[in-house]
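Me: Could you take a close look at one part of this model for me, namely how its strands pair up? After that, please work outward to whatever lies around it.

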Amino acid sequence: MSPHQGRPEGERMTAGRRPVKSRSAGYAFLAGFAAIVVLVSGAIFVGFGGRESSRGANGGGGQAAPASSGNWVGTWATAAAASEPDAPDGHPDTSIRNIVHTSVGGTAARVQLSNLFGDRPLTIDHATLALAAAPSAPAAAPGTMRRLTFGTQESVTIPPGGTVTSDAVRLTVPHSADLLVTTYSATRSGAVTYHPFARQTSYLATGDRAAELDGTAYTTQSPYWRYVTGVDVWTTETEGAVVVIGDSITDGITSSPGANRRWPDFLAERLRTERGAPAYSVLNSGISGNRVLVDGTARYAYNGPSALARMERDALSRTGVRTVVIQLGINDILKSPGPIDPAAIAHGLERLAAQAQSRGLRVVVGTLTPFAGHRKHTPEREAARQRVNERIRASEAFDGVVDFDAALRDPAAPERMRTAYDSGDHLHPGDNGFRAMAQAVDLRLVASDRNTRVSAD
């Protein structure tokens, strides 16, 4: 059937393209709509998922595709940051229900699980995917629970440092909706690969509750994402993905919990709703505390590997990636150890760009945002920030520049963030600031030909 056949009342079309659901329809409609299994005309899914350690930049990975027009695109992602410090033996006999939020929809889905920071093989005995019955709720929408398989097997063992992508399941996945990705391990699995600052509540339950619908067993709440690092959808409407690799500002560490108000979320909303916007998803590969040049230390392991070390895994290998946005550098100025070296930071950003461009991807870089008033602000660090920004604005190494500095700074005191945009710590924006960052992105930046450079105004 056509993507728009049977479109119910209350759904509007934007820019003559994709349907955008009004909030008044809410989750009641999404749950009912998602319960319909959409049969893609003539499509036969074969060979999806299975064990793998990496995928190509466009998600090919040697996997067969349905025999109808369309493509796989990432709808949600996170960057594995470290191993969970308080769970050295894993979570035996525990179901972990991760809640993740889609940026675009599709008619089938597959899930990536990671044992990147594991110290022993991780066995997932039972894994499921479902649409949440309500935002941030552990209950599944009726008719949407799907068991995940891996090379047709119902359990999978992931070696330390490895990842696996599930076989595809037929499921109508709406855009801007919460999904439940649940894993169950019966035995001790060792160090748990996780993302610590999810700004989203997930849930744990004792025993194998992976297929539970009502969610009542999920009584333990958690601020982490564990094991899950990506969800792809099969779509005929979305052409590709924008991946944002960044630090806590991209991670959205000061955004409202459970509200999906990180700046990449606001960018995804613009791409879904604005006339003439490219049909792209947005994938968030931010890690709080992350730096361009230096890995997280033993004390701050959750800061993750340096951006130079993780660029391939967290950005270039994402499914359907067309454009990479880089928002990094402020932690290289703020954190110890290491001298403040604006030239080295700027060169590191250019090296990141070169990695992506060598794969034929478009690269956009953001200027470093103001932070006067923060406890680590000094004249030396401010001068370093200004020099990095000068280099970014003048460099020919990038395909585009978005001036986050100009978008957030106080015109009366340019070293500071506007009060209306400040979360209160004078370094991280609040929800209004994150929206302003997304609004600062000229959408030509993410869609222009690689040979066309779009500069910050």
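Reply: Let's start with the ground rule for pairing: two strands pair if DSSP finds at least two bridges between them. The strands (E, at least two residues) and helices (H or I, at least four) are DSSP runs, numbered from the N terminus. Bear in mind that this is a predicted model: local features need pLDDT of at least 70, side-chain atom pairs count only at pLDDT 80 or more, and totals for chains, interfaces and linings use all residues. Residues are numbered from 1 along each chain as its sequence is written, and side-chain values use heavy atoms, with hydrogens and water left out.

By that rule, 6 strands make up an open sheet, and they run in the order β10-β9-β14-β6-β16-β17 with antiparallel pairing. In general, strands of a sheet pair through backbone hydrogen bonds, either parallel or antiparallel. The edges here are β10 (146–147) and β17 (220–222); each has a single partner strand, so one side of each lacks a neighbour in the sheet.

Let's zoom in on the β10 edge. Its pairing with β9 (residues 126–131) is antiparallel and spans 2 bridges. At one spot you can see Thr128 matched with Arg147 of β10 as its bridge partner. The side chain of Arg147 has a contact of its own: a salt bridge to Glu154, 3.5 Å from N to O (a salt bridge being a side-chain nitrogen of Lys or Arg within 4 Å of a carboxyl oxygen of Asp or Glu). How covered is this pair? Arg147 is partly exposed at 34% relative accessible area, and Glu154 is partly exposed too, at 44%. For the cut-offs, buried means under 20% relative accessible area, exposed over 50%, and partly exposed in between (1.4 Å probe, protein chains only).

Now move to the inner strands. β6 (94–101) and β14 (178–185) each give at least two residues to the lining of the second largest cavity. A cavity here is worked out on a 1 Å grid over the protein atoms alone, as a set of points where a 1.4 Å probe fits but cannot get out; a pocket is an open set with protein on both sides within 12 Å along at least five of seven lines, and lining residues have an atom within 4 Å of a point. Grid points are joined across faces, edges and corners, and the volume is the space filled by probe spheres set on the points. The count is 2 cavities of 30 Å³ or more, and the second largest one holds about 30 Å³. Around it sit His91, Thr94, Ile96, Thr183, Ser185, Ser189 and Tyr227. By class, that lining is 2 nonpolar, 5 polar and no charged residues (nonpolar: Ala, Val, Leu, Ile, Met, Phe, Trp, Tyr, Cys and Pro; charged: Asp, Glu, Lys and Arg; polar: the others, Gly among them).

Just ahead of β6 in the chain, the loop from β5 (82–83) carries Glu84. Its side chain meets that of Arg226 in a salt bridge, at 2.8 Å from N to O. The pair ties distant parts of the chain together, since Arg226 sits in strand β18 (residues 225–226), 142 residues away. Glu84 counts as buried because its relative accessibility is 7%, and Arg226 is buried as well, at 5%. The whole structure holds 21 salt bridges, and some join into a network that links Glu382, Arg385, Arg393, Asp403, Asp405 and Arg409.

Further along the chain, helix α4 (residues 307–316) is mostly covered, with 7 of its 10 residues buried. Those buried residues pack against β20 (240–246), β21 (280–286), β22 (321–327) and α6 (342–357), where contact means heavy atoms within 4.5 Å. One of the buried residues is Asp314, at 2% relative accessibility. Asp314 shares a salt bridge with Arg313, 3.4 Å from N to O, and Arg313 is partly exposed at 30%.

Last stop, the other empty spaces. The largest cavity takes up about 40 Å³, and its lining includes Ile249, Gln327 and Thr369. The second largest pocket has about 510 Å³ of space, and of its 25 lining residues, Gly289, Asn331, Lys335, Arg375 and Lys376 are the closest to the centre.
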